[in-house]
Number of protein chains: 2
Amino acid sequence: MRQAGGGSDGVSPGNVPVCYYGPGGRVPSSLERRARAAEVFLRCAACGLAVLAAALLGADRQTRVFFSIQKVARYTDMQSLVLLVIANGMAACYSLIQGARCLVSIVRGGVLLSRPLAWAIFSCDQVMAYIVISAVAAAMEAALIGKYGQPEFQWMKTCHLYKRFCAQAGGGVACAIAASVNMVGIALLSAFNLFRLYGNGGGKAAGGK
Amino acid sequence: MRQAGGGSDGVSPGNVPVCYYGPGGRVPSSLERRARAAEVFLRCAACGLAVLAAALLGADRQTRVFFSIQKVARYTDMQSLVLLVIANGMAACYSLIQGARCLVSIVRGGVLLSRPLAWAIFSCDQVMAYIVISAVAAAMEAALIGKYGQPEFQWMKTCHLYKRFCAQAGGGVACAIAASVNMVGIALLSAFNLFRLYGNGGGKAAGGK
């Protein structure tokens, strides 16, 4: 399977491929290979970190007894942690699907991505990155209030009462931060994959488009 | 001032311009004009909205008397609002400078942006967008706790005590959300401006690069 009218390295804006791996062992450009390898690595890392974050937060629970009254701290007690678990669950599923797509495209070779498909992947990646970043920021704000309190509004710190719960939640938030860094990297990579299709002045020059 | 070896519409990846406005009234491509006009509009709107958000939050103050004790609510009582004011101040200054650069480039014409400059603008735009989004998410989390409380941790709602303060803070956060939407748009536009320079398979094909 060869591209019609390919450029010197088999990539032309007129054909709008994002990458091309020919079945005959034809080597793609080094930029293509690096971008595709980075994408697979980032998507797998984001998936693993998001699963770890969601698992750490979801399993977080501590029971304490205060004056014969038993109290249980769970992640569901704090809306921002629930939001973070949901966001990380979505990010993990999405990264898994997209990572599988990338791997299949590498293994099977000859995958041509059209502009609409590149636009769809780019849009989803951007939305996911901003959702995860926002959820992390909201959870960090709630975690800081839990750790240090907000005395002006009589919001007391609670982490000295539920130390193990807070430590595990901190680990979950740290994993979510790492996952969000990966999601930002993925968003930048898919922006690269999309917008270079608009090279040469909107694809009008030297591509016959 | 003309580009050496320009393509059919004066834009070639080999010369790495982002846009070209010739002094002789030469009309740039419609995509170029739309992108540049959108960039100026988004940067001006982001600047105005960020200034408005910072002003609303910075001037927010309400004094109440509880049992002969006078209490004053200010934005400085809540760290996330301080962070939001700082982030919006930074975004306003940055958008003003970048908007002025865009306007000067349109008025003077003949501006060629190199890849390093496009990378610098892209990086700053991305960082600013993520900073503003994070600050907005953190402030929204604190605002929601202020509005509805978090009874599981004995964090009482305070907005029924400081209604005017909360209403004005809500307006400030709304402006900050609108500013952050503009910043995201700017980040996408600068990604478009940068990565299309890498069109044609890393600029190797049809551009002599």
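**Exercise 1. A salt-bridge pair and its neighbours in helix α1**

Identify the residue with which Arg36(B) forms a salt bridge, and give the distance between the closest N and O atoms.

*Solution.* In this predicted model, the partner of Arg36(B) is Glu39(B), with the closest N and O atoms 3.8 Å apart; this falls under the salt-bridge rule, which asks for a side-chain nitrogen of Lys or Arg within 4 Å of a carboxyl oxygen of Asp or Glu. The model is predicted, with local features needing pLDDT of at least 70 and side-chain atom pairs pLDDT 80 or more, while totals for chains, interfaces and linings use all residues. Residues are numbered from 1 along each chain as its sequence is written, chains are lettered from A and ligands numbered from 1 in the order in which they are written, and side-chain values use heavy atoms, with hydrogens and water left out.

The next step is the position along the helix: because Arg36(B) and Glu39(B) are three residues apart in helix α1 (residues 30–58) of chain B, about one helical turn separates them. Helices here are DSSP runs of H or I with at least four residues, strands are runs of E with at least two, and both are numbered from the N terminus. Both Arg36(B) and Glu39(B) are buried, a class that means under 20% relative accessible area, against over 50% for exposed and values in between for partly exposed (1.4 Å probe, protein chains only).

**Exercise 2. Following Glu39 in both chains**

Determine which residue pairs with Glu39(A) in a salt bridge, and which residues are joined through shared partners into one network.

*Solution.* In chain A, the side chains of Glu39(A) and Arg43(A) meet at 3.1 Å, N to O. These two residues lie about one helical turn apart, because they are four residues apart in helix α1 (residues 30–58) of chain A, and both of them are buried.

In chain B, Glu39(B) forms a salt bridge with Arg43(B), again with a closest N to O distance of 3.1 Å. Glu39(B) and Arg43(B) are both buried, and they sit four residues apart in helix α1 of chain B, about one turn of the helix. For chain A, salt bridges that share partners link Arg36(A), Glu39(A), Arg43(A), Arg101(A) and Asp125(A) into one network. Over all chains, the count of salt bridges comes to eight.

**Exercise 3. Two residues of helix α2**

Decide whether Ile86(A) is buried, partly exposed or exposed, and do likewise for Gln98(A).

*Solution.* Ile86(A) lies in helix α2 of chain A and counts as partly exposed because its relative accessible area is 48%. Together with Met90(A), Val127(A) and Ile131(A), Ile86(A) forms a nonpolar surface patch with about 330 Å² of accessible area. Helices α2 (79–108) and α3 (115–148) of chain A are the elements that give two or more residues to this nonpolar patch. Patches are made of residues with over 30% relative accessible area and no salt bridge, like charges being joined within 9 Å and nonpolar side chains (Val, Leu, Ile, Met, Phe, Trp, Tyr) within 5 Å; areas follow the Shrake-Rupley method with a 1.4 Å probe, only the protein chains shown counting as cover for residues.

Gln98(A) also belongs to helix α2 of chain A, but Gln98(A) is buried because its relative accessible area is 9%. Leaving aside residues up to four places away in sequence, Gln98(A) touches Arg43(A) and Ile121(A), where contact means heavy atoms within 4.5 Å.

**Exercise 4. Ala137(A) and the largest pocket**

Establish which residues Ala137(A) touches beyond four places in sequence, and which element gives the largest share of the lining of the largest pocket.

*Solution.* Ala137(A) is placed in helix α3 of chain A and counts as buried because its relative accessibility is 9%. Its contacts, apart from residues up to four places away in sequence, are with Ser134(B), Ala137(B) and Ala138(B).

Among the 17 residues that line the largest pocket, Ile133(A), Val136(A), Ala137(A), Met140(A) and Ser134(B) lie nearest its centre. Helix α3(A) supplies six residues, the largest share of this lining, while α3 and α4 (163–195) of chain A and α2 (79–108) and α3 (115–148) of chain B each supply at least two. About 360 Å³ of space lies in the largest pocket.

On a 1 Å grid over the protein atoms alone, a pocket is an open set of points where a 1.4 Å probe fits, with protein on both sides within 12 Å along at least five of seven lines, and lining residues have an atom within 4 Å of a point.

Technical notes
Grid points are joined across faces, edges and corners, and a volume is the space filled by probe spheres set on the points.
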